[in-house]
Amino acid sequence: MSRLVRLASARPNLASRRAITGPAHSNHNLPSISTKPQFNTTSNSNSRKSFSFLSSSAFLTVGLLSGFTLALVAPRPNLLALLFPVPTPVSPGADTPEGRTITAQVEAGLQNLQLVKQLRAQLVPALQTQSPNETSLTSTEDTTELVPAYTESRPYAASVPGPHSLSAYTLRGPGKFAVAPLVFTTRDKKEAVFFVHVGGGMCGHEGVVHGGLLATLLDESLGRTAFYSLPNNIGVTATLTVKYRKPTFANQYLVIKTHTERAEGRKVWVKGRIENLSGETLVEAEALFVEPRMAKFLNSSTVKEALK
């Protein structure tokens, strides 16, 4: 009996305890209160982006200024000539005092070129028939006579052709082709080296020689080499392929090197290139020249003058 009384008295205490504490899951409905400090994350993100942009801009500005300063300290003449070309003055007439002075200076510079002196000094055995770049198979061992490896000529220097000639008449003069080309031809007539000075009046872009003019130079140089291998020393251009490697700047001496690839009857295949005095290849070309069937009846006096 006493046990039942004790149980009954304990139940109200349990119920009151539940009423006070409530269900175990009731805490999930109460808002949580954080004790950690709160920061403005949006403001911090914008600050980081601004700092990154300013840093990138600063590095870019420093890089550009450094590059510009380096270009001033160690300039690249070719690049500067393209970006900041010097205006070309009007070419004086060939018969004016200024024109004669320019012509004399170009001629003197041509004769003093180191490569010109080297070609003039190069000798080969008298009976050698190959070009100086090949090994002679026909020269005898007991010969001691040496002769120049190249024959030297100045096409159109003695007698300038009429107004029909583009390169020898129309384009001749100070600021253009001030002097006649200087040509060195091997003894077997298979190779040649041309020296040409191009003036400032031969440009497309300011300071850069016109690509069409360079093609004309190669066409005439390759043709001159090819004509030696044609039956009547006269021919026409059948095909001409030109590859431009680097800009060719005006007011400099150009070196044109040509050689015969092969000859078959009335057809001759030749190759050549234009270089500067440093040996850099500026333009390359290859061509096929064909002799007309009626070539022996044509007047070839102009061609013969060019081949002298």
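What is the mean pLDDT of the chain, and what share of its residues reach 70 or more? The mean is 81, and 69% of the residues get to 70 or more, pLDDT being the predictor's confidence in each residue, from 0 to 100. Over residues 18-28 the pLDDT is below 50, and beyond near neighbours in sequence this stretch has 0 contacts in the model (a contact means heavy atoms within 4.5 Å).

A bit of housekeeping. This is a predicted model, where local features need pLDDT of at least 70 and side-chain atom pairs count only at pLDDT 80 or more, while totals for chains, interfaces and linings use all residues. Residues are numbered from 1 along each chain as its sequence is written, and side-chain values use heavy atoms, with hydrogens and water left out.

Now the overall picture. The chain has 8 helices and 9 strands, taken as DSSP runs numbered from the N terminus (helices H or I, at least four residues; strands E, at least two). Of its 308 residues, 31% count as buried; buried means under 20% relative accessible area, exposed over 50%, and partly exposed in between, with a 1.4 Å probe and protein chains only. Among contacts with a separation of 6 or more, 67% join residues 24 or more positions apart.

Proline 85 gives one such long-range link. It sits in the loop between α3 (77-83) and α4, and it is partly exposed because its relative accessible area is 30%. Leaving aside residues up to four places away in sequence, Proline 85 touches Leu80 and Glu206. Glutamate 206 is 121 residues from proline 85 in sequence, yet their C-alpha atoms are 6.1 Å apart.

Next, have a look at the second largest pocket (an open set of points on a 1 Å grid over the protein atoms alone, where a 1.4 Å probe fits, with protein on both sides within 12 Å along at least five of seven lines; lining residues have an atom within 4 Å of a point). It is lined by 25 residues, and Thr88, Pro89, Gly200, Ala250 and Asn251 lie nearest its centre. Helix α4 (residues 97-111) gives the most to this lining, with 3 residues.

Asparagine 251 is worth a second look: it lies in the loop between β6 (236-244) and β7 (252-264), and has a positive phi of about 60° although it is not a glycine. Asparagine 251 is exposed, at 56% relative accessible area. Tyrosine 156 also has a positive phi, about 65°, but tyrosine 156 is buried, at 16%.
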